[in-house]
Amino acid sequence: MTDEQAMYAVSQGDLDKAAILYERYKKSLLNFFLYRQSDRENARDLTQQVFLRMLRYRHTYREGASFRTWVLEIARNVFFDYLKQNPTHSDLADVPDVGESYDETEEQHQYLHYALAQLPDQYREVLLLSRFQNMSYEEIGQTLGLSVANVKVRVFRAMQKLRDLYFNVSRE
């Protein structure tokens, strides 16, 4: 059963099919939120909110539409609502310092996480969707309301900025 078939069944009242979607998407949504803020428990709560909204707004799912695009749009809205309710929170503000106890791989991961935190939102978002959620440029364009050409430009610029930030952080 495809994601779209499962979601269509959910939209028609077969709520048991939501468990299939939950199992398929819980990890990628958790990672989506972890790359936007560093609190794992909060990321779990936000992930649960996505699935609750998915059920609440199941009637808005259009048959044949990409489920992944639709659910990531819900995830973005959940995160923006979270930021509105927590105005003192900023994206990835509390990235931990890299200490002596990390091995090289974890140290590099921390540098990447910190560099991502420094990117402007518009660039971070396209990178998260394209590189970490493996969305196509067409899907990203649908999700963000951008043309494919605009998505390509943003990804290119984001990668340039990320590379510069990463190497600046890793040299410090």
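Which residues of H7 are buried? Keep that in mind while we get our bearings; the model you have open is predicted.

**The whole chain**

Start by showing the protein as a cartoon. You will find eight helices and zero strands, so to speak a run of α-α-α-α-α-α-α-α from the N terminus on. Of the 172 residues, 41% are buried. Among contacts with a separation of 6 or more, 62% join residues 24 or more positions apart. Switch to a surface view, and about 9800 Å² is exposed, with carbon and sulfur atoms supplying 46% of that area.

**Colour by confidence**

Now colour by pLDDT. The protein averages 82, and 85% of the residues score at least 70. Select helix H1 (residues 3-11), where confidence is highest, at a mean of 94, and then helix H5 (residues 104-118), where it is lowest, at 71. Next, select residues 91-104: here the pLDDT is below 50, although the stretch has 26 contacts in the model beyond near neighbours in sequence. Where pLDDT is low, predicted coordinates should not be read in detail.

**The largest pocket**

Select Thr-60, Thr-69, Trp-70, Glu-73 and Ile-74 and show their side chains. Of the 13 residues lining the largest pocket, these lie nearest its centre. Helix H4 (67-85) and helix H7 (137-144) are the elements that give two or more residues to this lining, and H4 gives the most, with five. The space in the pocket comes to about 260 Å³. If you colour the lining by class, you will count four nonpolar, six polar and three charged residues.

**Helix H7**

Stay with H7 and return to the opening question. Its buried residues are Glu-139, Ile-140, Gly-141, Thr-143 and Leu-144. As you look along the helix, remember that an α-helix has 3.6 residues a turn, so residues three or four places apart point the same way. Step just past the end of H7 to Gly-145, which has a positive phi, near 75°.

**Helix H8 and a link across the sequence**

For the last stop, select Asp-164, which sits in helix H8 (residues 148-171). Is this residue buried, partly exposed or exposed? Asp-164 counts as partly exposed because its relative accessibility is 42%, and that class lies between the 20% and 50% cut-offs. Finally, add Ala-115 to the selection and draw a C-alpha to C-alpha distance: Asp-164 and Ala-115 are 8.7 Å apart in space, while 49 residues separate them in sequence.

Notes: Residues numbered from 1 in each chain as written. Predicted model: local features only at pLDDT ≥ 70, side-chain atom pairs only at ≥ 80, totals over all residues. Heavy atoms only, no water. 1 Å grid on protein atoms, 1.4 Å probe; cavity = no way out; pocket = protein on both sides within 12 Å on 5 of 7 lines; lining within 4 Å. Points joined across faces, edges and corners; volume = space filled by probe spheres on them. Helix = DSSP H or I, 4+ residues; strand = E, 2+ residues; numbered from the N terminus. Nonpolar A, V, L, I, M, F, W, Y, C, P; charged D, E, K, R; others polar. pLDDT = per-residue confidence, 0-100. Contact = heavy atoms within 4.5 Å. Buried < 20%, exposed > 50% of the residue type's maximum accessible area, 1.4 Å probe, protein only. Areas by Shrake-Rupley, 256 points an atom, 1.4 Å probe, with all protein chains shown as cover.
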